[in-house]
Amino acid sequence: MTLAVFLLSLCGAMAVGVPVAFALLACGIALMLHLDLFDTQILAQNMLAGADNYPLMAVPFFMLAGELMNMGGLSRNIIRMASALVGHVRGGLGYVAIIGAVTMASISGSAVADTAALAAILIPLMRSAGYDLPRAAGLVAAGGIIAPIIPPSIGFVVFGVIGQVSITKLFMAGIAPGLAMGLALAVTWWLCARGEFKHHRSEPFRISRLVSALREGVWALALPVLIIGGMKLGVFTPTEAAVVAAVYSMLVGMFVYRELTWAMLPKALLAAAKTSSVVMFLVAAAMVSAWLITVANIPQQVAELLEPYAGNQMLLMFLMMAIVVVVGTALDFTPTVLILTPVLMPLVKQAGIDPVYFGVLFIMNNAIGLLTPPVGTVLNVVSGVGKVPLSGAIRGVTPFLVAQLFLLALFIVFPALVTVPASWLY
């Protein structure tokens, strides 16, 4: 009965158009009434406890770093480097999009911000070069979802806080899967469009152009090395790394590339504050539901439903990932993480599954949800920024979506693909 109250109150509130944060609060109040625990102080205390969390301070700073990166010219120089490196090959702009997505993912950690920057720069170039526009838009969208996997990842920060998992370990464990996602996109791009490559116009390869692009872009490439190296060596925590990323992006944008001005800083701060406030309020509201989920023993009820499969870790992972795929079609990235983490994590620990391994696959699956209609936030961003019909973007992203789901299944069947590289980096 308690599980039914939880699902009906949450889904019912969202079905009538209540914003997700308020739907989580409504769900919490419904559970409190059902358990005869209603107390406004419990609501306030849990919301404050949810927002008053040191690791969550990384979220606004990584958001700010992403805004400063785009305004300060770091994004454009990353694309320029990738174009000088592979832009001359057949279908080269597709590979430029993939390299750009992987590199930018190691700086900002926001799928929406990275996708918007890539779409604004690359889709007009791909359109003028004669590429199939829906397929090009689909590739850019699929590249954008690498951002939550490769550190620094805002998704890992939120999951780590809610699930009580080491954020640094999640960051290190996300590197190999993120690179594998980029490789899967490259293979899929080659398979899907190799017959069209010969028709595309591209600039010839020039070593002088590559050297010039690398000389200008080395400042952008140094940021992920600084962040990952600093955390690996214990110089700073993920939260401190977010501050370093923001300050570094500002200094490079203002004094090296000279594209960021003092007058642009308020706009960057405001944009980061708006996005961060949404995430922080969601987390605060989710903590109310998370506390009541624990009190109502909902994880145990879910565990009882999945008990026949608890002895088989692989089958259990497939079932949990299937649930995330279904939920991800209806909910955005952050709400899915906030709602499902407190429900699934006790089951993960009970089954003896490595929480870091689960976290990587869980966040990867939620990132894939950014491509699945009807919500598909990243798809909507590509459609709007690139001026591509949403139906065309859905058609274009399908082969890349299938490739990422196949990769996810591969990680479930062979966990060592995630855990072994992660152990090298811990």
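Analyst: Helices here are DSSP runs of H or I with at least four residues, numbered from the N terminus. The model is predicted. Ask away.

User: Where is Pro-152 found?

Analyst: Pro-152 is found in the loop between α8 (133–144) and α9 (154–163).

User: What is the peptide bond from Pro-151 to Pro-152, cis or trans?

Analyst: General idea: most peptide bonds are trans. Here, the bond from Pro-151 to Pro-152 is cis, with omega near 5°.

User: How do I read phi, and what is its sign at Gln-164, positive or negative?

Analyst: Most residues other than glycine have a negative phi. Gln-164 has a positive phi, about 55°. Its place is the loop between α9 and α10 (167–193). Gln-164 counts as exposed because its relative accessibility is 65%, and the cut-off for exposed is over 50%.

User: Where does Arg-258 lie?

Analyst: Arg-258 lies in the loop between α12 (238–256) and α13. Its phi is positive, near 60°, and it is not a glycine. Arg-258 has 66% relative accessibility, so it counts as exposed.

User: Now the interior. Which residues touch the most other members of the largest nonpolar core?

Analyst: A nonpolar core joins buried residues such as Leu and Phe through side-chain atoms within 4.5 Å. The largest one here has 155 residues. Phe-159, Met-317, Met-320, Ile-353, Phe-358, Leu-361 and Phe-362 touch the most other members. Helix α13 (residues 265–295) gives the most to this core, twelve residues.

User: Which residues does Phe-362 touch?

Analyst: Leave out residues up to four places away in sequence. Phe-362 then touches Phe-159, Met-321, Val-324, Thr-336, Val-337, Leu-340, Thr-341 and Leu-344.

Definitions and conventions:
Residues are numbered from 1 along each chain as its sequence is written. This is a predicted model: local features need pLDDT of at least 70, side-chain atom pairs count only at pLDDT 80 or more; totals for chains, interfaces and linings use all residues. Side-chain values use heavy atoms; hydrogens and water are left out. Buried means under 20% relative accessible area, exposed over 50%, partly exposed in between (1.4 Å probe, protein chains only). Helices (H or I, at least four residues) and strands (E, at least two) are DSSP runs, numbered from the N terminus. Contact means heavy atoms within 4.5 Å.
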